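Colleague: I have not seen this structure before. Could you take me through its enclosed spaces, its pocket and its aromatic rings?

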Amino acid sequence: MKKLLFALLSCILFFASCSLPKSFFSNNKELRETETDQPGAMMQWEHNRVKDPMTGEIPKQNLVFVYNQYLDKQNSMAEAAVTGISWTERGPNNIGGRTRSIIFDKKDATNKTVWAASVGGGLFKCTDIDATTPSWSKVNDFFTNIAITTIAQNPSYPDTMYFGTGESFGNADGLSGAGIWRSIDNGLNWTQLSATASYYGVTRMVVASNGTVYAALSSHYLIGGTGGLYKSVNGGTSWTAVLTTSTTPAAGSNYGNDIKMAANGDLFYSCNGQVWKCTYSSGIWTNISPSGSYQRIEIACAPSNSSYIYLLCQGSSSALTKFYTSTNAGSSWTSNTLPLIYDQNTTNTTEFTRGQSWYDLSITVDPNTATTVYAGAIDYIKSTDAGASYKQISAWSLYNMPGAANLGSSQVMHSDHHQIVFKPGSSAFALFGCDGGIYKSTNMSNNWPSVPSYA
């Protein structure tokens with residue numbers, strides 16, 4: 001009887017499929033071919049897969065519980081090497097990965113010590129960045145979260161350092177964070193700040209001279225967690241929302257992009273396509289957004305002149321649509337020509353983020369010259385006239401590029417740039433954080449020749 005029913009059902013399905021019009025199959029094929037990535041949908045699916053069915057939240061605290069169990073087990077086991085076996089490291093040695101944050105250690109007067117954050121590998125330290133081949137050491141392999149996106153240091157008490165976790169930029173391999181860690185012994189030991197456990201995406205932090213810590217938080221591509229701008233006045237023990245009134249973004253604004261401090265202590269914060277300024281002397285936040293509709297906005301403040309502020313703005317799609325300069329601390333904005341680059345045998349007509357401004361975007365100002373600014377995405381450009389004009393100074397793809405006369409093998413860097421940081425006081429020495437790890441240049445102050453256009 002069961003075999004008869006199975007045969008009957010098979011016949012029904014066969015004749016039903018035969019009766020479907022050909023357009024059914026072709027339309028579905030076209031649909032599949034035109035589908036686009038949906039990072040938000042992927043994040044929602046992952047959240048539904050691992051959430052607690054009772055609370056609807058992901059029990060991230062379990063990570064700490066499991067880690068403590070691991071430590072207890074390690075402590076209870078007798079540590080002894082297996083006899084008769086010796087091991088020799090064989091690599092790989094080229095293990096650079098996506099690096100979103102780099103800082104020079106303020107406690108090192110020689111400016112040789114550097115800290116770097118990997119979004120999937122944790123925290124690394126180099127004690128001699130001037131070496132021909134700098135050596136890096138892993139600070140700790142077993143933080144309960146190693147998706148480190150930002151590092152900050154107290155300028156007055158450099159023994160106190162912080163790092164934030166969680167990559168909320170929409171890339172499919174982005175890892176959710178578990179808050180902020182603090183060290184009070186110049187990075188020797190680190191402790192997770194319990195009050196920040198729900199900070200799943202810490203995009204940027206700064207520390208004021210009085211020790212106040214500011215953290216820009218995003219939950220844009222992370223389901224759950226805290227968003228907005230928060231600060232701590234007690235070294236991270238407790239945190240309060242900064243922007244909460246009806247005329248400013250709510251504490252829970254889900255896309256806290258960037259927080260930067262100007263030379264005079266003024267703060268500039270971007271979230272949900274807006275830019276806000278807090279004047280140091282008043283503590284009052286004001287919306288100084290340029291006209292237009294934007295998503296991600298990256299900010300740069302000139303270390304030598306607090307009046308010069310720069311913005312890179314992602315438009316309603318994935319491409320960069322505006323590059324702004326302000327020479328009056330954000331009171332007004334000048335729109336610059338969008339940077340174009342030579343890319344994979346193309347003319348200089350490629351928008352320099354190649355439609356990835358949601359993912360790779362960085363901007364920094366020369367430490368000594370307020371009108372010299374660097375912007376990075378797929379490659380880097382340099383402007384010496386406050387953004388009015390620019391020159392391409394790096395290229396990840398150099399094959400078959402006639403006309404790109406100033407770009408040679410020494411200008412090759414991995415694509416997808418996330419940060420550039422200058423050695424304190426130097427206009428020549430800079431480190432670049434990108435998807436290929438860290439690159440170094442010691443001649444950034446060179447006068448670069450123009451890239452000629454194709455005939």
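Colleague: How many cavities of 30 Å³ or more are there?

Modeller: This is a predicted model, and the answer is a computed one. With 30 Å³ as the lower limit, the count of cavities is 1.

Colleague: How much space lies in the largest cavity, and which residues line it?

Modeller: The space in the largest cavity is about 80 Å³. By class, its lining has 2 nonpolar, 4 polar and 4 charged residues. The lining residues are Arg100, Thr149, Phe169, Thr203, Arg204, Asn257, Arg296, Glu298, Leu361 and His418.

Colleague: What is the volume of the largest pocket, and which residues are the closest to its centre?

Modeller: The largest pocket has a volume of about 1300 Å³. It is lined by 42 residues, and the closest to its centre are Lys106, Lys260, Met261, Pro303 and Val421.

Colleague: How do the residues of that lining divide by class?

Modeller: For the largest pocket, the lining holds 10 polar and 7 charged residues. The rest of the division is nonpolar, with 25 residues.

Colleague: Which strand gives the largest share of the lining of the largest pocket?

Modeller: Several strands supply at least two residues each, among them strand 1 (99–104), strand 5 (148–153), strand 9 (202–207) and strand 17 (297–301). Strand 13, strand 23 (362–365) and strand 27 (417–422) do so as well. The largest share is 5 residues, and it comes from strand 27.

Colleague: Where is Lys260, and which backbone oxygen lies 2.6 Å from a polar atom of its side chain?

Modeller: Lys260 sits in strand 13, which covers residues 256–261. Leaving out residues up to four places away in sequence, Lys260 touches Arg204, Val206, Asp266, Leu267, Phe268, Ile299 and Cys301. The backbone oxygen at 2.6 Å from a polar atom of the Lys260 side chain belongs to Ile299.

Colleague: How many aromatic pairs does a search of the whole structure find, and what kind of pair do Phe163 and Trp181 form?

Modeller: The search finds 14 aromatic pairs. In the pair of Phe163 and Trp181, the ring centres are 5.4 Å apart and the planes are at 10 degrees. Planes under 30 degrees apart count as stacked, so this pair of Phe163 and Trp181 is stacked.

Colleague: Which strands hold Phe163 and Trp181, and are these residues buried or exposed?

Modeller: Phe163 is in strand 6 (residues 161–165) and Trp181 in strand 7 (residues 180–183), so the pair links distant parts of the chain, 18 residues apart. The relative accessibility of Phe163 is 0%, so Phe163 counts as buried. At 3% relative accessibility, Trp181 also counts as buried.

Colleague: What kind of aromatic pair do Tyr374 and Phe422 form?

Modeller: Tyr374 is in strand 24 (residues 373–376) and Phe422 in strand 27, so the pair ties together parts 48 residues apart in sequence. Both Tyr374 and Phe422 are buried. With 5.4 Å from centre to centre and 50 degrees between the planes, the pair of Tyr374 and Phe422 is tilted.

Colleague: Which residues form one aromatic cluster with Phe163 and Trp181?

Modeller: Phe163 and Trp181 belong to one aromatic cluster. The other members are Trp115, Phe143 and Trp190.

Colleague: Is Thr191 buried or exposed?

Modeller: Thr191 lies in strand 8 (residues 191–192). Not counting residues up to four places away in sequence, Thr191 touches Ile180, Trp181 and Arg182. Its relative accessibility is 51%, so Thr191 counts as exposed.

Conventions: Residues numbered from 1 in each chain as written. Predicted model: local features only at pLDDT ≥ 70, side-chain atom pairs only at ≥ 80, totals over all residues. Heavy atoms only, no water. Helix = DSSP H or I, 4+ residues; strand = E, 2+ residues; numbered from the N terminus. Polar contact = N/O pair within 3.5 Å; in protein donor to acceptor, adjacent residues only side chain to side chain. Contact = heavy atoms within 4.5 Å. 1 Å grid on protein atoms, 1.4 Å probe; cavity = no way out; pocket = protein on both sides within 12 Å on 5 of 7 lines; lining within 4 Å. Points joined across faces, edges and corners; volume = space filled by probe spheres on them. Nonpolar A, V, L, I, M, F, W, Y, C, P; charged D, E, K, R; others polar. Buried < 20%, exposed > 50% of the residue type's maximum accessible area, 1.4 Å probe, protein only. Phe/Tyr/Trp six-rings, centres within 6.5 Å; stacked < 30°, edge-to-face > 60°.
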